[in-house]
Amino acid sequence: MDPGFEADFREFVIDRSGALFRTAYLLTGDRHTAEDLVQSALAKTAAKWRSLRDPASIEGYVRRVMYHEQVSRWRRRSRVVEVSTGWLPDQVSGGHAEMVDLRLMMRTALARLTPRQRTMLVLRYFEDLSETEIARLLGLRVGSVRSQIYRSLERLKKAAPELSTVREFG
């Protein structure tokens with residue numbers, strides 16, 4: 001790879017790897033698989049880096065590659081023949097049921113927010129944009145963005161106090 005292109009690619013990876021990982025995690029549901037997915041998508045992007053002319057479309061290209069890679073993995077996995085073991089587990093694991101309850105609680109709490117508050121939270125915590133970037137994107141003042149995010153988080157805490165003690169969603 002040309003040193004100029006390599007520096008641009010390296011800068012892209014440093015800037016956007018967090019957001020790309022979150023997208024991959026949402027696609028896969030597993031941290032390790034998400035890391036593999038991001039790595040394979042970035043490898044394919046590096047191979048096509050010279051032909052990607054528009055800097056604004058690069059991230060979309062990487063996300064599209066991740067999506068297609070994951071769909072291919074799902075299809076390969078669906079071809080695996082499952083065999084019944086002939087025995088049932090003694091008890092159902094409570095961990096999965098608790099996570100389902102937690103996700104339902106989160107969905108309900110988010111539904112109680114206004115569309116603007118949900119937008120602020122998605123842009124800040126899912127897309128990993130700074131408050132300044134959000135303000136520029138939405139045409140607002142930074143102070144307005146900060147207050148909206150603060151109000152959104154406070155409203156979430158009131159809607160579902162159990163969520164404030166949870167550190168990680170599996």
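A salt bridge is a side-chain nitrogen of Lys or Arg within 4 Å of a carboxyl oxygen of Asp or Glu. With that in hand, I opened this predicted model and started looking.

**Entry 1: the count.** How many salt bridges does the structure hold? I found eight. I followed up three pairs.

**Entry 2: Arg-16 and Glu-59.** I looked up this pair and found a salt bridge whose closest N and O atoms are 2.8 Å apart. Arg-16 sits in helix H1, residues 3-28, while Glu-59 belongs to helix H3, residues 55-78. The two are 43 residues apart, so I noted a link between distant parts of the chain. Are Arg-16 and Glu-59 buried or exposed? Both turn out to be buried.

**Entry 3: Lys-44 and Glu-69.** Here the closest N and O atoms of the salt bridge are 2.3 Å apart. I traced Lys-44 to helix H2, residues 31-48, and Glu-69 to helix H3, with their positions 25 residues apart in the count. Next I checked accessibility. Lys-44 counts as partly exposed because its relative accessibility is 39%, a value between the 20% and 50% cut-offs. Glu-69 is at 15%, so Glu-69 counts as buried.

**Entry 4: Glu-127 and Arg-63.** This salt bridge has its closest N and O atoms 3.5 Å apart. Where does Glu-127 lie? I found Glu-127 in the loop between helix H5 (115-126) and helix H6 (131-138). Arg-63 is in helix H3, so the pair ties together parts that are 64 residues apart in sequence.

**Entry 5: joining up.** My last look was at shared partners. Arg-16, Glu-59, Arg-63 and Glu-127 are joined into one network by salt bridges that share partners.

Terms used: Residues numbered from 1 in each chain as written. Predicted model: local features only at pLDDT ≥ 70, side-chain atom pairs only at ≥ 80, totals over all residues. Heavy atoms only, no water. Helix = DSSP H or I, 4+ residues; strand = E, 2+ residues; numbered from the N terminus. Buried < 20%, exposed > 50% of the residue type's maximum accessible area, 1.4 Å probe, protein only.
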